[in-house]
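Please walk through this model with me, one helix at a time. We begin inside the fold and finish at the ligand.

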Amino acid sequence: MSFASFAELALSPRLQQTLRELGYAQPTPIQASAIPTILAGCDLLAGAQTGTGKTAAFVLPLLERLMQHSQDERPRPIRALVLVPTRELAVQVHESVLRYGKETGLTCALVYGGVSIAAQVEALRAGVDILVATPGRLLDHLRQGALSLAQLRHLVFDEADRMLDMGFMDEIKALLKQIPAERQTLLFSATCDDNLFALSRVLLRDPVLVEVATRNTTAAEIEQRVYAVDGDRKQALIEHLLKVKGYAPALIFSRTRQGADQLAQRLGKAGINALAFHGDLSQGAREKVLLEFRAGTLQVLVATDVAARGLDILDLNYVINLEFPHQPEDYVHRIGRTGRAGNKGLAITLFSPEDAPQLEKVEAVLDTRLPQQWFPGFEPDLTRFEPEPRRSGKAAQKQRARKQALGGKSGKVR
Ligand code: AMP
């Protein structure tokens, strides 16, 4: 069952009022399906990318259920836990809980690595209803006896696929031992594979399945372009896209920290306000960079995949990939930063011959071809787009077809 308006959902007047103030006219598809399911107490397996409104899809019904079952015990026991893969996502989910729950009187705390544990312990001492945490730091707190999950009723995994990619399985198993079996579990993931289904079988009981976009596909509002360009001209093309085409503010992805630093420096020299965003930055520096980017004083963020995971940046129209990511699923995550909540987005990926294996993997995951084109003035040197002798079978056939197409007259590579 799903509903077309917030008024039809059984959310209390306080939450409805907050949604009106936020200007949310109607639920997004994931909200329309997930909110009634969660309110009914069912477990949920939801396939939804960032940008679909998935955070409100679980935060709103959780707030509602926690309000309905008021808690007189002092200090308040943690009743809902949201597990997230990264610090940035933890901060964003926490902000969302505060935003949506401002009239509810419920409290929320945040626990993640890289910052002082003492301040987090202090925040927990007063008692909280909802805890947002990354798995590693949460385990630290549990081992130190700083918190208990013995009264947990609701467990949410946000971006569960990413948690598995980042190798959190052991932490998840250790955490489950400290969480009551009698609970509601909600699992959100942008992509689904065998590992994820295996995890869902361990975690969920008779889950309701909700999927808003077809599995492993990209949101329809995003236009994807792949520009074939020589590797040594990629930075120049990005500079051109930003300065001449005006594709800014933009989030640019680099596979490596070094690549992110180099590009940010080059853009800086070209008079573009750009900063690198990766794991070498301290938590404080990351938060400052994000604030500047959100405020619009920073035009370009050049990020690595891990650092950029779960960034919630509004009104982002442009995502540019310096190259395809190592993990094809990351392509879906990267371009999901744009085209949010119905806005149009443009995702540009620069492709040079050495990226061919990554392109094929991405096409396999998306089950679609990503046609390449040339950008006028940055046409590739066709002699470099040679098939590699190692390639055989299907890959070689594809590569030969690509080369044939490159010899054609049209601007499209294939
Ligand atoms: P999320 O997928 O949770 O990262 O949300 C993406 C963005 O959509 C967030 O900035 C939300 O504030 C916004 N949003 C969520 N739900 C709605 C809605 N029903 N109407 C308009 N905007 C929304």
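Start with helix α6, residues 135-143, whose buried residues are Pro135, Arg137, Leu138, Leu139, His141 and Leu142. Buried means under 20% relative accessible area, exposed means over 50%, and partly exposed lies in between, with a 1.4 Å probe and protein chains only. Helices (H or I, at least four residues) and strands (E, at least two) are DSSP runs, numbered from the N terminus. The buried residues of α6 pack against three strands and three helices by name: β2 (80-83), β3 (108-111), β4 (130-133), α5 (117-125), α7 (160-165) and α8 (169-176). Contact here means heavy atoms within 4.5 Å. Just after α6 comes Gly145, with a positive phi of about 70°.

A word on the source. This is a predicted model, in which local features need pLDDT of at least 70 and side-chain atom pairs count only at pLDDT 80 or more, while totals for chains, interfaces and linings use all residues. Residues are numbered from 1 along each chain as its sequence is written, and side-chain values use heavy atoms, with hydrogens and water left out.

Now the whole chain. The protein chain holds 16 helices and 14 strands. It has 414 residues, and 54% of them count as buried. Take the contacts between residues at least 6 apart in sequence: 75% of these join residues at least 24 apart. The accessible surface of the chain is about 17,900 Å², with 51% belonging to carbon and sulfur atoms. Accessible areas come from the Shrake-Rupley method with a 1.4 Å probe; for residues, only the protein chains shown count as cover.

Helix α2 comes next. It spans residues 29-39 and is mostly covered, with eight of its 11 residues buried. These are Ile30, Gln31, Ala32, Ala34, Ile35, Pro36, Thr37 and Ile38. What do they pack against? The partners are β1 (44-47), α3, β6 (184-189) and β7 (208-211). Gly41 follows α2 and has a positive phi, near 90°.

Strand β6 leads to Thr185, which lies in it. Thr185 is buried, because its relative accessible area is 0%. Its side chain makes a polar contact of 2.7 Å with that of Arg183. A polar contact is a pair of N or O atoms within 3.5 Å; within protein, one must be able to donate a hydrogen and the other to accept it, and residues adjacent in sequence count only if both atoms are side-chain atoms. Leaving aside neighbours within four places in sequence, Thr185 touches Asp43, Leu44, Leu155, Phe157, Leu203 and Leu204.

Turn to helix α1, residues 13-22, which contains Gln16. Is Gln16 buried or exposed? Gln16 counts as buried, because its relative accessibility is 12%. A polar atom of the Gln16 side chain lies 3.3 Å from the backbone oxygen of Leu11. Beyond four places in sequence, Gln16 is in contact with Phe6, Ala7, Leu9 and Leu11. Leu60 is 44 residues away along the chain, and its C-alpha is 9.7 Å from that of Gln16.

Helix α4 holds two residues to compare. Ser96 is found there, and so is Arg99. Ser96 is buried, with a relative accessible area of 5%. Arg99 is partly exposed, because its relative accessible area is 31%. With neighbours within four places set aside, Ser96 contacts Thr55, Val59 and Gly101, whereas Arg99 contacts Thr18, Leu22 and Tyr24. Arg99 and Thr18 are 81 residues apart in sequence, yet 8.2 Å apart in space, C-alpha to C-alpha.

Finally, the ligand. Of the 16 residues around the ligand, Tyr24, Gln31, Gly51, Gly53 and Thr55 come nearest. A residue is near if one of its heavy atoms lies within 4 Å. A polar side-chain atom of Thr55 is 2.5 Å from a ligand oxygen. A polar backbone atom of Gln26 lies 2.9 Å from a ligand nitrogen. A polar backbone atom of Lys54 is 3.3 Å from a ligand oxygen. On its own the ligand has 500 Å² of accessible area, and the protein covers 87% of that. Helices α3 (54-68) and α4 (87-100) are the elements that give two or more residues to the shell. Domain 1 (6-211) and domain 2 (222-408) each supply at least three residues; the domain bounds come from an automatic or database domain assignment.
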